[in-house]
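Visitor: I'm new to this one. Can you walk me through what is on the screen?

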Amino acid sequence: MRKMLAAVSRVLSGASQKPASRVLVASRNFANDATFEIKKCDLHRLEEGPPVTTVLTREDGLKYYRMMQTVRRMELKADQLYKQKIIRGFCHLCDGQEACCVGLEAGINPTDHLITAYRAHGFTFTRGLSVREILAELTGRKGGCAKGKGGSMHMYAKNFYGGNGIVGAQVLFFLLKWSLAQPPRLEQWCNLSSLQPPPPGSSNSPASASRVAGNIVPLGAGIALACKYNGKDEVCLTLYGDGAANQGQIFEAYNMAALWKLPCIFICENNRYGMGTSVERAAASTDYYKRGDFIPGLRVDGMDILCVREATRFAAAYCRSGKGPILMELQTYRYHGHSMSDPGVSYRTREEIQEVRSKSDPIMLLKDRMVNSNLASVEELKEIDVEVRKEIEDAAQFATADPEPPLEELGYHIYSSDPPFEVRGANQWIKFKSVS
């Protein structure tokens with residue numbers, strides 16, 4: 001009898017050691033999924049748009065919540081490290097816009113492609129890189145995703161082409177080198193009868209590719225051209241902000257993408273301010289989703305992850321069907337200023353920022369939906385918050401303790417698969433070895 005009582009006591013004491021919230025979550029029966037109404041998208045040259053209802057599973061909801069919280073906490077940690085002068089140089093934060101990067105990723109396949117401007121930390125994470133690699137890149141350490149040489153505006157991952165520091169450059173024209181190897185096939189698509197293949201032995205020369213086609217097709221459209229050329233059922237998401245939306249090269253990109261029916265989704269992240277200038281002061285028309293004219297477009301609530309996800313699925317299906325490009329405008333908002341040098345309150349009021357936070361915060365919107373639909377409990381989401389904070393703190397410790405790349409590696413990784421060669425330094429007597 002005494003042995004039995006001792007065994008029961010051990011079981012009860014073990015149960016009592018578990019946090020009360022974990023016991024409560026484990027014993028609660030949650031719904032597997034729930035159906036939600038989402039805001040109808042404004043349409044341009046489209047008879048039908050994305051659905052106005054969508055199903056969210058518990059599994060997806062928890063995943064989206066964790067990802068958005070991770071992006072939010074990562075950006076806040078970057079803000080802290082910058083103010084401590086551990087991160088230097090340019091740094092553009094995307095807190096407030098989490099529904100864009102997470103929602104876009106939820107609407108495409110891992111094999112699809114994405115290219116964006118300088119506010120790229122969130123997309124770098126959703127494309128598969130870890131917080132540790134991102135923060136280490138921000139602090140210029142060897143463990144960073146670009147070995148500490150890229151910084152905030154030059155991060156890359158598989159099927160993610162950056163991070164581009166010059167706005168609009170992500171839609172500058174270019175053709176991939178390999179597209180020149182079989183000019184008849186390219187000519188058939190593009191009707192470029194004068195295009196000739198590069199001279200023998202020059203196919204690996206960046207300059208030769210640049211001279212022939214470097215200023216002809218946009219980067220995003222060029223990636224979409226690669227998808228079509230290779231016969232792959234893939235699309236390219238090409239992102240830019242409302243500040244870059246008035247540049248002429250973007251309209252050249254629209255034209256060529258439409259002519260060649262490229263599977264390219266042009267996405268304008270409209271966060272209402274281009275640097276410190278409101279869209280009303282910068283654009284004669286703020287209907288960015290109509291800017292493609294002959295290209296269909298849709299305007300999306302960029303603060304609602306479910307709205308972004310469904311619109312992205314719709315746009316991706318449109319492109320995969322062979323109809324050509326489509327344009328999306330995501331109406332979103334950034335809580336920080338344009339960059340770390342911008343306090344963000346000289347051209348907008350603190351009350352405006354607080355109103356968006358209280359009424360339209362993307363994380364809060366998802367949290368309320370999940371709790372009210374019995375997809376998750378407040379305690380469970382709080383546990384995720386704790387886990388995310390710990391992950392961010394661990395990553396920050398790594399990003400500050402990891403060594404910087406040594407000077408002798410300054411010339412490394414210029415090319416991906418070339419034999420080692422020498423690179424001239426600041427003068428002819430300084431040489432660096434480049435290793436792929």
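Guide: What follows is a quick tour, from the whole chain down to single residues. One thing up front: this is a predicted model.

Visitor: Fine. How many helices and strands does the protein chain have?

Guide: The protein chain has 15 helices and twelve strands.

Visitor: And how much of the protein chain counts as buried?

Guide: Of its 436 residues, 51% count as buried.

Visitor: What about contacts along the chain? What share comes from residues 24 or more positions apart?

Guide: Take the contacts in the protein chain with a separation of 6 or more. Residues 24 or more positions apart account for 73% of those.

Visitor: Let's look at helices. What does α3 pack against?

Guide: Two partners to show you here. α3 covers residues 58–83, and helix α14, residues 362–372, packs with it. α3 also packs with helix α4, residues 98–106.

Visitor: Start with α14. What is the angle between α3 and α14?

Guide: About 155 degrees, with the axes 10 Å apart. An angle over 145 counts as roughly antiparallel, so α3 and α14 are roughly antiparallel to each other. The crossing of α3 past α14 is left-handed.

Visitor: Which residues make that contact?

Guide: From α3, they are Arg-58, Gly-61, Leu-62, Tyr-64, Tyr-65, Met-68, Gln-69 and Arg-72. From α14, they are Pro-362, Ile-363, Leu-366, Lys-367 and Met-370.

Visitor: Now α4. How do α3 and α4 pack?

Guide: Their angle is about 140 degrees, and their axes are 9 Å apart. That makes α3 and α4 oblique to each other. Their crossing is right-handed.

Visitor: Which residues meet there?

Guide: On the α3 side, Tyr-64, Met-67, Met-68, Val-71 and Arg-72. On the α4 side, Glu-98, Ala-99, Cys-101, Val-102 and Ala-106.

Visitor: Switch to α15. How far does α15 reach?

Guide: Helix α15 runs over residues 378–401, which is 24 residues. From first C-alpha to last, α15 reaches 35 Å, close to the 34 Å expected.

Visitor: Which residues of α15 are buried?

Guide: Among them are Glu-380, Glu-383 and Asp-385. Leu-381, Ile-384, Val-388 and Ile-392 are also buried in α15. So are Ala-395, Ala-396 and Ala-399.

Visitor: Any reason buried positions in a helix could be spaced like that?

Guide: As background, an α-helix has 3.6 residues a turn, so residues three or four places apart point the same way.

Visitor: Okay, α10. What span does α10 have?

Guide: α10 has twelve residues, 248–259, and reaches 17 Å between its end C-alphas. The expected value is 16 Å, and the two are close.

Visitor: Which residues of α10 are buried, and what covers them?

Guide: The buried ones are Gln-249, Ile-250, Ala-253, Tyr-254, Met-256 and Ala-257. Their cover includes α9, β5, β6 and β10.

Visitor: What comes just after α10?

Guide: Lys-261 is there, with a positive phi of about 50 degrees. For context, most residues other than glycine have a negative phi.

Visitor: Which other residues have a positive phi without being glycine?

Guide: Arg-272 is one, at about 80 degrees. Arg-272 is in the loop between β6 and β7. Met-275 is another, at about 55 degrees. Met-275 lies in the loop between β7 and β8.

Visitor: How exposed are Arg-272 and Met-275?

Guide: Arg-272 is partly exposed, at 35% relative accessible area. Met-275 is exposed, at 52%.

Visitor: New topic. How many disulfides does a search of the whole structure find?

Guide: Zero.

Visitor: Why is there no bond at Cys-319?

Guide: The closest cysteine sulfur belongs to Cys-264, and it is 7.1 Å from the sulfur of Cys-319, too far for a bond. A disulfide needs the pair within 2.5 Å.

Visitor: Is Cys-319 buried or exposed?

Guide: Buried, with a relative accessible area of 4%.

Visitor: Last stop, loops. Where is Ser-339?

Guide: Ser-339 is in the loop between β10 and α13. Ser-339 counts as buried, at 11% relative accessibility. Beyond its neighbours within four places in sequence, Ser-339 is in contact with Cys-91 and His-92.

Visitor: And where is Asn-164?

Guide: Asn-164 sits in the loop between α6 and α7. At 15% relative accessibility, Asn-164 counts as buried. Asn-164 and Arg-119 are 45 residues apart in sequence, and 8.8 Å apart in space, C-alpha to C-alpha.

Terms used
Residues are numbered from 1 along each chain as its sequence is written. This is a predicted model: local features need pLDDT of at least 70, side-chain atom pairs count only at pLDDT 80 or more; totals for chains, interfaces and linings use all residues. Side-chain values use heavy atoms; hydrogens and water are left out. Buried means under 20% relative accessible area, exposed over 50%, partly exposed in between (1.4 Å probe, protein chains only). Helices (H or I, at least four residues) and strands (E, at least two) are DSSP runs, numbered from the N terminus. The expected span of a helix is 1.5 Å times one less than its number of residues. Contact means heavy atoms within 4.5 Å. Axes are lines fitted to C-alpha atoms, for helices over the stretch in contact, and angles run from 0 to 180 degrees between N-to-C directions. Angles under 35 degrees count as roughly parallel, over 145 as roughly antiparallel, 65 to 115 as roughly perpendicular and the rest as oblique. A crossing is left-handed if the near helix is turned anticlockwise from the far one by less than a right angle, and right-handed if clockwise.
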